[in-house]
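Trainee: Could you take me on a close look at the part of this model around the ligand, and then outward into the strands and helices? I would enjoy one connected walk through it.

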Amino acid sequence: MSTGLKNVKRVTTHVLLEMKASGQPIAMLTAYDYSLARLVDGAGVDVILVGDSASNVMAGHETTLPITLDQMIYHASSVVRGSERALIVVDLPFGTYQGNSKGALNSAIRIMKESGAHAVKLEGGREVITSIQRILTAGIPVMGHLGLTPQSIYKFGTYVVRAKEQEEADRLRADAKLLEEAGCFALVLEKIPAALAAEVAASVTIPVIGIGAGNGVDGQVLVLHDMLGINKEFNPRFLRRYADLHEVITGAVAGYVRDVRAKDFPNSEEQY
Ligand code: KIV
């Protein structure tokens, strides 16, 4: 079977830096499998994030904590096979980089070697800086992630907007600078006030990609299943739905069930 992939130029971390410098917004989406990665890539997304949100939307876990490194590598290698243009960034899952920079480097190397992805992302600021520095020594590009960091949900206790108070906002500003100075090529800011996100984006030279962080940043990211309307229950203010696949898919499956039960499928032209 042909993959149908064409020869196009791959987006690199340098292209993203140029996009920021020239004020060109960056479009990033998650994907976790070959078939949807092909569609996302073909539709022109610049960055595909193989997010640990796979733990929620692919595996049905309540949090992102249970997903393993092997499972992330499985998802990432499927996405790599389905993409030709987008830069592929893979989340380091919970427990594979915190408090152990050697372990972090080994996790990142496994992702790069076994999946063929182009960069890793990890959550946190100063508390994970030695892990970030060590991963960078191997030439592996690192994307940071500040604000709401879902792997710390049991510390926060809730998924509400972060950094509304001065102290947390100041810490986030300082962590963003620290990640830039360490050599991160980009930064995700999740669910923080739009004014703070815009201020951080203006204060660093690396691209800042927002989710629930307003329009003053350098790009946007959404979870694919949320923006396609597959998951009806998740309704945060920041989410714009571009399709209602819940209706489309349940309608199609109900139609199939109806036709099978009525012995209307297959008909004489749908058989040999
Ligand atoms: O795992 C994920 O999908 C993410 C995005 C929400 C940024 O980290």
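Mentor: Let us begin with a cut-off: a residue is called buried when its relative accessible area is under 20%, exposed when that value is over 50%, and partly exposed in between. Please also keep in mind that this is a predicted model.

Now to the ligand. The residues around the ligand are Thr30, Leu49, Gly51, Asp52, Ser53, Asp91, Lys121, His145, Glu190, Ile211 and Val223. Sorted by class, this shell holds 3 nonpolar, 4 polar and 4 charged residues. Several side chains place a polar atom by an oxygen atom of the ligand: for Ser53 the distance is 2.5 Å, for Asp52 it is 3.0 Å, and for Asp91 it is 3.1 Å. On its own the ligand would expose 260 Å², and the protein buries 95% of that area.

Two members of that shell, Thr30 and Leu49, lead us straight into the strands. Leu49 in β2 is the bridge partner of Thr30. The two strands involved, β1 and β2 (residues 47-50), pair in the parallel sense over 3 bridges. Between them the chain passes through helix α2 (residues 34-42), and this β-α-β crossover from β1 to β2 is right-handed.

β1 has another partner as well: 4 bridges join it to β8 (residues 219-222), again running parallel. Within that pairing, Ile26 stands opposite Gly219, while Met28 has Val221 as its bridge partner. How enclosed is strand β1 by the rest of the structure? Of the 5 residues in β1 (residues 26-30), 4 are buried, so the strand is largely enclosed by what surrounds it. As a reminder for reading side chains here, in a regular strand they alternate between the two faces of the sheet.

From β8 we can step on to β7 (residues 208-211), which pairs with β8 in the parallel sense over 2 bridges. Here Ile209 has Gly219 in β8 as its bridge partner. Gly219 thus appears in both pairings, standing opposite Ile26 and partnering Ile209. Ile211, from the ligand shell, falls within the residue range of β7.

Next comes helix α8, and this is where the opening cut-off pays off. Glu180 is found in this helix, and its relative accessibility of 16% is under 20%, so Glu180 counts as buried. A polar atom of its side chain lies 2.6 Å from the backbone nitrogen of Thr205. Leu178 is also placed in α8 (residues 166-182); at 30% relative accessibility, Leu178 counts as partly exposed. The C-alpha atom of Leu178 is separated by 7.4 Å from that of Gly125, although the two residues are 53 apart along the chain.

Finally, a few backbone details for your checks. Ala163, in the loop between α7 (153-156) and α8, has a positive phi of about 60° although it is not a glycine. With 4% relative accessibility, Ala163 counts as buried. Lys191 likewise has a positive phi, of about 50°, without being a glycine. Its place is in the loop between β6 (186-190) and α9 (194-203). In the segment after α11 (245-261) you will find Pro266, joined to Phe265 by a cis peptide bond with omega of about -5°.

Notes: Residues numbered from 1 in each chain as written. Predicted model: local features only at pLDDT ≥ 70, side-chain atom pairs only at ≥ 80, totals over all residues. Heavy atoms only, no water. Near = heavy atom within 4 Å. Polar contact = N/O pair within 3.5 Å; in protein donor to acceptor, adjacent residues only side chain to side chain. Areas by Shrake-Rupley, 256 points an atom, 1.4 Å probe, with all protein chains shown as cover. Nonpolar A, V, L, I, M, F, W, Y, C, P; charged D, E, K, R; others polar. Buried < 20%, exposed > 50% of the residue type's maximum accessible area, 1.4 Å probe, protein only. Pairing = 2+ DSSP bridges. Right-handed = clockwise from strand over helix to strand, strands pointing away.
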